[in-house]
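Q: Give me a close look at the ligand site, please, and then work outwards along the chain from there. Which residues surround the ligand?

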Amino acid sequence: MKLYGHATSPYVRKVRIALREKNIRFEWIQESPHDAGNRIAALNPLGKVPVMETDDGRVLFDSALLIEYIDTLTPERLIPSAEPERLRALLWNTLGTGIVDAAVARLLEDRRPASEKSQDFIARQEDKIARALAWADKADRGRAYLVGERFSIADLGLGVALEYIDFRYPHDWRSQHPRLARWLAGISTRGSFAETLPPGMERALDAPH
Ligand SMILES: N[C@@H](CCC(=O)N[C@@H](CS)C(=O)NCC(=O)O)C(=O)O
């Protein structure tokens, strides 16, 4: 299979982590919808990455759908099959996606010329992220994994979101949420996380928690 997308995209990273966790081989085509002459819009009418071409020639897009597809390819599931774990894990992933969406929106607004950008819009995205972190901190059971006793889409989704905050909206969220910081420190040692860090990103390894 082929995966299209660039190395700094958190949505692409989620799919790369899912593939790595399940030991599925793939060809990574590092193309961004912002590159001149890119083929993304020809594959995905929405013009976004990640996009996947399956071995039997189907074209799929959107990280959530891709992870759902990837999860059917091997027996060990990232999305738990039994309730109530399934819905709980998907809700954690939805929270993670929402954090990423807000951080991306904040970044794009912040990159606009000073005369055009809205500080109010930026503050609203930052509020969403702060509330989501507080929600996560309250719901975290203080265990290695957010749902059940093994790595799931819950850990994948929140882990990528927290590291994306460190990458694109670095601020000291750890002192307010030390338990979450400890949880992330454990998850981020996984090979799938370490091998997919966005280029140039340095982890807040000096964080006290
Ligand atoms: N809901 C999509 C979001 C994907 C997305 O927004 N990707 C960004 C890269 S980080 C993109 O391709 N942006 C180009 C655009 O919106 O034109 C997913 O989960 O895959």
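A: A word on labels before we dive in: helices here are DSSP runs of H or I with at least four residues, strands are E runs of at least two, and both are numbered from the N terminus. Also keep in mind that this is a predicted model.

Now the site itself. Around the ligand you'll find His6, Ser9, Tyr11, Pro33, Gly47, Lys48, Val49, Pro50, Asp62 and Ser63. Sorted by class, that shell comes out as 4 nonpolar, 4 polar and 2 charged residues. As for where the ligand sits, the space it takes up is the largest pocket.

Three of the distances to the ligand are worth a look. A ligand nitrogen is 2.9 Å from a polar backbone atom of valine 49. For aspartate 62, the side chain does the job: one of its N or O atoms is 3.0 Å from a nitrogen of the ligand. Serine 63 also uses its side chain, with a polar atom 2.6 Å from a ligand oxygen. On its own the ligand has 510 Å² of accessible area, and the protein covers 73% of that.

Let's stay with valine 49 for a moment. The peptide bond that joins valine 49 to proline 50 is cis, with omega at about 10°. Both residues belong to the ligand's surroundings, so to speak of this bond is to speak of the site. Proline 50 itself is in the loop that runs between α2 (40–43) and β3 (51–53).

Aspartate 62 has a backbone quirk too. Its phi is near 90°, a positive value in a residue other than glycine. You'll find aspartate 62 in the loop between β4 (59–61) and α3. Is aspartate 62 buried, partly exposed or exposed? The cut-offs are under 20% for buried and over 50% for exposed, so aspartate 62 counts as partly exposed because its relative accessible area is 43%. Phenylalanine 61, in strand β4, is likewise partly exposed, at 26%. From phenylalanine 61 you can measure back to another shell member, proline 33: the two are 28 residues apart along the chain, and 13 Å separates their C-alpha atoms.

Moving away from the ligand, there's a second cis peptide bond, this one between glutamate 83 and proline 84, with omega at about 5°. Proline 84 is in the loop between α3 (63–71) and α4 (85–110). A positive phi turns up at asparagine 23 as well, at about 55°, although this residue is not a glycine. Asparagine 23 is in the loop between α1 (10–21) and β2 (27–29). It counts as exposed because its relative accessibility is 65%.

For some buried spots, try tyrosine 4 and histidine 177. Tyrosine 4 is in strand β1 (residues 2–4), and it counts as buried because its relative accessibility is 4%. Tyrosine 4 and alanine 139 are 135 residues apart in sequence, with 34 Å between their C-alpha atoms. Histidine 177 is in the loop between α6 (153–168) and α7 (178–187), and it is buried as well, with a relative accessible area of 9%. Its C-alpha atom is 19 Å from that of alanine 102, which is 75 residues away along the chain.

One last stop is lysine 128, in helix α5 (residues 119–139). At 38% relative accessible area, lysine 128 is partly exposed. Between the C-alpha atoms of lysine 128 and arginine 106 there are 10 Å, for a separation of 22 residues along the chain.

Technical notes: Residues numbered from 1 in each chain as written. Predicted model: local features only at pLDDT ≥ 70, side-chain atom pairs only at ≥ 80, totals over all residues. Heavy atoms only, no water. Near = heavy atom within 4 Å. Polar contact = N/O pair within 3.5 Å; in protein donor to acceptor, adjacent residues only side chain to side chain. Areas by Shrake-Rupley, 256 points an atom, 1.4 Å probe, with all protein chains shown as cover. 1 Å grid on protein atoms, 1.4 Å probe; cavity = no way out; pocket = protein on both sides within 12 Å on 5 of 7 lines; lining within 4 Å. Sits in = over half its atoms within 2 Å of the grid points. Nonpolar A, V, L, I, M, F, W, Y, C, P; charged D, E, K, R; others polar. Buried < 20%, exposed > 50% of the residue type's maximum accessible area, 1.4 Å probe, protein only.
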